[in-house]
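New to this one? Here is a quick walk through the model, from how far to trust it to the empty spaces inside.

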Amino acid sequence: MHTILLTTLNARYAHTALGLRYLYANLHELQSEAKIIEFTMNEQIQSIAEDLLKHSPRIIGISVYIWNAAQCSELIQTLKKVSPETIIVLGGPEAGHLPHRVDLSKADYIISGEGEVAFYELCKEILNPVMSVFSHVIPAKAGIQLDPRVKPEDDDKPIFIKAPLPDLKSIRLPYSAYCDEDVAHRYIYVEASRGCPFECEFCLSSIDEKVRNFPLDELLEEFEILWKRGARSFKFIDRTFNLNMTFANRILDFFLSKEPPYFAHFEVIPDHFPEVLKEKIKRFPTGSLQLEIGIQTLDPMIAKGINRPLKLEKIVENLRFLENETHAHMHLDLIVGLPGESIEGFGRNLDMLVSLTHSEIQIGILKNLSGTTLSRHDQVHGMIYSDTPPYDILKNNLLSFEQIQKMKRFARFWDIFYNSGSFTKTVPLIWAEGSVFDGFYAFSEWIYTQTLSTWKISLERQIALIHAYLIQYHNKECVEAALTLDLASRPEKTIPFFLRQSTQEKKEKEAKGVTPKRQAKRI
């Protein structure tokens, strides 16, 4: 039995909750009474509640995020109906920022901010009742002096605790809380810093006042321990990894000193790649380094409107360097629906990125997160958002609801056909020498008329669809030659019969000395 349970619903099994491990690491003398139990979003809520209550906990701490908010709401209500005496403490960005757009009212406490110190202090107060040490508790009802351990019966709101900002030099690092199964089979999330110096209005990191760093020597010692335990997949959650070059260089040196294979993921600022950083990135072998680069928009006026710095010349220079002189895998982000940006403007952004790199380009739909200042644009730009997670934009003055829906499908099909890497030779035929955006938009529209869905499209179906579309505009043999190259490394049984048959007929003709016509003229 455990007195304190720490839990969340991850998007998938491979993900791990770093926040829970920080809370666990900083429970001090209460740690022996605590346990981390993680679930995934596809599990039944009542089964999750059953598994948690088997431990007879007095306190359950739940991390609430945009991807699991609805499920967490259901879980909280189920737990409170079955075990009303169990105290539920919420944390995470979806709980800690107002307004709440999912029902979290059945919880007892909500901790806003970095909870390592506040959660420990709260658990101490609950388990060893004394007068509260929290001067930062916000009572649920004005005028009532509340002890944080007590929730008035006539009040249906949780007590909101604004956590004091912890000193990163004094809190305990969480990496020993990764179990052997985590190390062997799941992503190991790590961080060297917290905060962001920028004020992009769509991002919660803009709330942070400054960037704070963890003690670097201690951090690298923890990484070394993880490495010796067998960890080879490290995903850094720092928002601006390459901001502090002292930290960036030493961390990169840590990985460069190791024998591949390994995988290191960093989120980087696109306009800040000093020469010393470039030289280190060049040394990483293929498959070992992934850089997540938030582009969002390439229009200086749009970027200025959302307080996002944009040094376009530097971004172009650095993307070309990464594309042509390194083995780094890039994951670039673009956003649809930014205030003032038209569909044509987004199209120009996509065209430019594809001209600069062959890397993955993640197309996201703008979300209005609680705690950000994005709502200040609502009246001027007619911004209308969904009230349910992920709070994505429904329409604005430049994009109709229908256009937003089409762009959601565009983004999904872009993932399937472009980002997947399954059709690197074939996909460029979709736009030939024209606009990438215009060509793929037409393809996306056509695909949806054939599938009426953006999900559960098998590879065989994908091949048949792209083949059927392209032969309307290109020589059939040219299309099939590109597809054959793309599918060369795949098992024959995964290739549709029509393509296998066409390839066999071609081989037979060539064996007889008959050269097929090759023409790739676009109609």
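What follows covers confidence first and cavities second.

Keep in mind that this is a predicted model. The mean pLDDT of the protein is 90, and 90% of its residues come in at 70 or more. Two stretches deserve some caution. Over residues 131-154 the pLDDT stays under 50, though the model still gives that stretch 51 contacts beyond four places in sequence. Residues 514-523 also have pLDDT below 50, and there the model shows 24 contacts beyond near neighbours in sequence.

Now for the empty space. How many cavities of 30 Å³ or more are there? The count comes to 2, and here is how they look side by side.

| Cavity | Volume | Lining by class |
|---|---|---|
| Largest | about 60 Å³ | 5 nonpolar, 4 polar and 1 charged residues |
| Second largest | about 30 Å³ | 7 nonpolar, 1 polar and no charged residues |

Which residues line the largest cavity? Ala-192, Ser-193, Val-211 and Asn-213 are among them, and so are Asp-238, Thr-240, Phe-241, Leu-243, Asn-244 and Phe-247. One residue in this lining is charged, next to 4 polar ones.

The second largest cavity has a lining that includes Phe-241 and Asn-242, along with Leu-252, Val-268, Phe-273, Leu-277, Ile-281 and Leu-291. No charged residues take part there. If you are looking at the structure, Phe-241 is a handy place to start: it lines the largest cavity and also the second largest cavity.

Conventions. Residues numbered from 1 in each chain as written. Predicted model: local features only at pLDDT ≥ 70, side-chain atom pairs only at ≥ 80, totals over all residues. Heavy atoms only, no water. pLDDT = per-residue confidence, 0-100. Contact = heavy atoms within 4.5 Å. 1 Å grid on protein atoms, 1.4 Å probe; cavity = no way out; pocket = protein on both sides within 12 Å on 5 of 7 lines; lining within 4 Å. Points joined across faces, edges and corners; volume = space filled by probe spheres on them. Nonpolar A, V, L, I, M, F, W, Y, C, P; charged D, E, K, R; others polar.
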